[in-house]
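Got your viewer open? Load the model below and follow along, one selection at a time.

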Amino acid sequence: MEKPSRLLLLSELRVRNLAYDVSLCRSLLSWKRLVPSPVYHPFRPSGSRSVPVSEIICVREEEEEKSSRGKSDGSWRKIKEGEGKDCGQAFTVLYVQRCQQHRWRCAEITFTCPSDAVCQRWVSSIREQLASLASRPKHLLVYINPYGGKKQGKRIYEQKVAALFDQAGIVTQVIVTEHANHARDHLRTETELKRFDGVVCVGGDGMFSEIIHGLIWRMQIDAGVDPNSPDESLSPSSLRIGIIPAGSTDCICFATVGTNDPVTSALHIIVGDSQPMDVCSVHHNNTFLRYSVSLLGYGFYGDVLTDSERKRWMGPARYDFSGVKMFLSHHYYEGAVSYLPAKGIIGTPRDAFRCRSGYEPSHKSDGEWRTIRGKFLAINAASMSCACPRSPKGLSPAAHLADGTTDLILVRKCSRFNFLRHLIRHTSKDDQFDLTFVEVHRVRRFRFTPRQCQSDSDLELDRQENKHQIFSQICRDHPACGCAPAYSSWNCDGEILSHSAIDVRYQNTVMES
């Protein structure tokens with residue numbers, strides 16, 4: 001049984017002219033109204049409240065306003081920096097208020113003290129407890145993408161986030177990016193990382209991907225790790241990454257925090273919350289391509305991204321347009337998927353509950369590689385649930401965030417109607433994998449080889465199965481005839497990979513605030 005924390009302070013203070021017993025221990029600030037009458041009031045709230053010290057944002061002193069006649073009107077104002085330290089008889093505590101749908105808000109309460117000395121004692125004690133919280137950031141490097149999503153990143157930061165960071169005493173260096181990969185290149189070469197406790201990106205999933213690539217690449221170079229080797233373990237990052245959502249979908253923020261709300265994300269960063277995440281490295285022929293933390297999608301999701309990139313002038317609506325277009329096109333792709341099954345782990349991809357927790361990756365041998373060949377409408381690897389407002393459960397609702405695995409989802413060739421059933425299940429409560437043409441495997445590593453890149457022996461087997469090989473090749477060379485194209489593209493966290501044949505390893509975690 002856990003021992004109760006030692007009481008640090010206990011005083012009778014007032015809140016809006018009502019008396020309260022207020023107590024402070026190392027983990028909790030509590031206040032309870034003193035009821036003058038023993039008469040029971042069934043509809044009156046109990047008047048007791050407690051807030052974890054870890055969720056207190058800051059404490060500030062207040063000074064009572066005086067009217068023109070010199071009498072108090074009962075209101076208070078914040079003491080400006082540089083004014084007398086012993087003039088305040090009240091202090092205000094700003095703290096996290098948990099709301100519905102995983103949203104957080106900044107609430108406050110003002111306590112009136114019987115003397116200046118009592119007020120000073122309370123303010124000093126609370127600040128000492130906050131200073132002892134080692135997980136809280138004190139210096140942050142902030143990158144703002146002014147062009148992502150609806151182009152509101154700068155406004156969102158200035159109007160909703162900057163003041164919260166300032167109240168919490170966080171010193172920030174803000175950089176507004178001027179072009180694509182500005183943040184990535186700045187982290188790789190110019191930033192003195194030791195000056196900061198974390199990096200914050202104000203933007204969407206693409207901006208987060210930039211930060212990941214710049215930070216992790218920098219860590220590998222500093223540690224002497226060859227990024228081009230798929231068999232080398234990545235050197236972990238010592239800095240946490242925070243996300244202030246300001247993009248089109250903000251899938252990574254939604255899947256980790258539970259909502260796409262800038263204030264909620266800022267408060268998580270302030271109190272020092274952290275969530276480990278899996279990072280995978282994607283290679284082609286021993287050449288590094290990209291890192292991924294959320295979704296690798298070949299086929300449908302790769303085609304949607306490729307088509308939508310040509311329609312950026314449409315804004316976020318381009319994803320809906322391209323999605324409908326690719327659904328009607330109904331392209332399938334032939335290839336071979338080889339994977340290393342994950343063993344010694346907790347849970348399966350078909351669990352009924354969502355999980356944001358990570359588990360210590362097991363070092364148990366995972367056995368032999370397995371290979372699946374076929375025609376696929378989609379091949380998806382989900383390192384997290386990939387939930388977003390349009391798909392509250394995501395592609396893989398039970399995907400764990402930090403266990404060194406991914407859920408490999410194979411959607412075989414089927415009718416348009418059946419594929420529509422599969423897509424609709426992303427927005428419903430039905431079992432997403434309870435379809436005969438869908439299979440899912442929790443894996444630590446996988447490779448994909450398009451049919452045209454397979455060995456001669458594999459191609460010979462395919463020729464025996466396909467009597468119209470000559471005509472099929474003509475159709476692949478001239479897709480205007482309406483036949484399925486030979487290749488799709490990989491959608492890697494919203495970016496298009498330059499190769500279809502890839503080797504993917506899930507091997508490390510990054511701390512995300």
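Accessible areas here come from the Shrake-Rupley method with a 1.4 Å probe, and for residues only the protein chains shown count as cover. Show the whole surface to start: the chain exposes about 25500 Å², with carbon and sulfur atoms supplying 50% of it.

A word on ground rules: this is a predicted model, where local features need pLDDT of at least 70, side-chain atom pairs count only at pLDDT 80 or more, and totals for chains, interfaces and linings use all residues. Residues are numbered from 1 along each chain as its sequence is written, and side-chain values use heavy atoms, leaving out hydrogens and water.

Next, color by burial. Of the 513 residues in the chain, 51% are buried (under 20% relative accessible area; exposed is over 50%, partly exposed in between, with a 1.4 Å probe and protein chains only).

Now pick Y143, F208 and F300. They touch the most other members of the largest nonpolar core, which has 54 residues (a core is a set of buried Ala, Val, Leu, Ile, Met, Phe, Trp, Tyr and Cys residues joined through side-chain atoms within 4.5 Å). Domain 2 (135-273) and domain 3 (280-508) both give residues to this core, so it lies between them; the bounds come from an automatic or database domain assignment.

Finally, select the cysteines. How many disulfides are there? The count is zero, a disulfide being a pair of cysteine sulfur atoms within 2.5 Å. The sulfur of C106 is 7.0 Å from its closest cysteine sulfur, in C58, so that is too far for a bond. C106 is partly exposed at 32% relative accessibility, whereas C492 is buried at 0%.
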